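Welcome! Please open the model in your viewer and keep the selection tool at hand for a short tour.

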Amino acid sequence: MNVPTPHASIDYSAIERIDGPALIAHVFRGKAPLAETQWHRHVRGQFMFLESGMICVRTRHGMHASTPHCLHWMPPGIEHTVRIIEPSDGWGIFVAPCAAKGLPDEPAILQGNVLMRELVHRAATWAHCENLNTEQQRLMDVLMDEMRHARLPDLPFTLPMPRDRRLLNVAQTLLAHLDDTRTRDAWAAAVGLSARSLTRRFREETGLTFEQWRQQARLSHALDQLGHGHPVAHVADALGYASVSAFVAMFKRALGQSPGRYLSLDAS
């Protein structure tokens with residue numbers, strides 16, 4: 001899940017070593033080329049938080065679209081590829097195997113917070129240190145405690161991507177045009193499938209119905225836009241909702257809170 005950029009505050013050779021600091025923090029700023037890596041794995045695990053942009057991460061268990069405002073975890077040694085869909089800004093840490101105890105054994109989505117962000121931004125200035133002093137280690141211990149206790153969000157905001165070429169075309173088109181309100185039947189006809197086949201294959205390949213998948217994609221984008229201060233009315237219109245109230249109702253059904261309330265909790 002390594003997303004190197006010319007402005008990343010890290011020596012990437014360090015992440016393949018188990019010696020040195022148990023945690024290596026970094027910040028990246030949207031300069032990575034829009035490309036896909038080869039299959040690879042890292043000695044260290046990786047946390048990554050996108051503040052903007054989008055990437056697709058594929059493991060041997062499937063493909064997921066990683067979207068902003070959730071904390072993504074890739075355990076040590078998991079083989080994966082990364083496709084950068086949009087230039088991305090964010091932060092993260094590489095975790096030595098000895099420090100990964102108590103963390104999920106599989107890729108997972110956790111809940112990030114402001115404290116994590118501030119600690120990572122400070123720790124990123126130590127990325128080239130071979131050894132941390134007492135104060136630095138104490139802050140890193142606090143950061144790791146935050147990571148271990150990060151609660152799962154109410155929805156799994158990883159967005160599983162279908163493998164079938166026709167379904168993948170539908171999914172990628174929807175991600176690029178989330179205001180497209182065509183029905184499942186219309187999408188099925190557009191790619192030469194029956195509505196029943198599209199429904200069955202979408203569930204088999206993503207674990208979600210077509211409607212659930214599109215809602216999850218819209219929610220992910222909505223959180224990104226709302227987190228950047230865009231008005232609720234603007235976000236609702238950009239996602240194809242006929243009214244603000246229809247968007248807010250969908251948001252509350254999915255997450256149990258209004259957009260404003262959810263984001264205030266996310267930042268706490």
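Which strand gives the largest share of the lining of the largest cavity? Before selecting anything, note that this model is predicted.

**Stop one: the whole chain.** Show the chain as a cartoon and you will find nine helices and seven strands. Of its 268 residues, 51% are buried. Now switch on the surface: the accessible area is about 12500 Å², and carbon and sulfur atoms account for 52% of that. If you display contacts between residues at least 6 apart in sequence, 71% of them join residues at least 24 apart.

**Stop two: the cavity.** Rolling a probe the size of a water molecule over the atoms reveals where empty space remains. Here, one cavity reaches 30 Å³ or more, and the volume of the largest cavity is about 40 Å³. Select Pro21, Leu23, Ile24, Ala25, Ala123, Trp126, Ala127, Cys129, Leu132 and Met140 to see its lining. Colour these residues by type: 10 are nonpolar, while none is polar and none is charged. Next, highlight strand β1 (residues 23-29), and you have the answer to the opening question: with three residues, β1 supplies the largest share of this lining.

**Stop three: Thr81.** Move on to strand β5 (residues 80-95) and pick out Thr81. Is Thr81 buried or exposed? Thr81 counts as buried because its relative accessibility is 2%, and buried means under 20%. To see what surrounds Thr81, select Glu36, Thr37, Gln38, Trp39 and His40, then add Cys56, Val57 and Arg58; Thr81 touches these residues, leaving aside those up to four places away in sequence.

Terms used
Residues are numbered from 1 along each chain as its sequence is written. This is a predicted model: local features need pLDDT of at least 70, side-chain atom pairs count only at pLDDT 80 or more; totals for chains, interfaces and linings use all residues. Side-chain values use heavy atoms; hydrogens and water are left out. On a 1 Å grid over the protein atoms alone, a cavity is a set of points where a 1.4 Å probe fits but cannot get out, and a pocket is an open set with protein on both sides within 12 Å along at least five of seven lines; lining residues have an atom within 4 Å of a point. Grid points are joined across faces, edges and corners, and a volume is the space filled by probe spheres set on the points. Helices (H or I, at least four residues) and strands (E, at least two) are DSSP runs, numbered from the N terminus. Ala, Val, Leu, Ile, Met, Phe, Trp, Tyr, Cys and Pro count as nonpolar, Asp, Glu, Lys and Arg as charged, and the others, Gly among them, as polar. Buried means under 20% relative accessible area, exposed over 50%, partly exposed in between (1.4 Å probe, protein chains only). Contact means heavy atoms within 4.5 Å. Accessible areas come from the Shrake-Rupley method with a 1.4 Å probe; for residues, only the protein chains shown count as cover.
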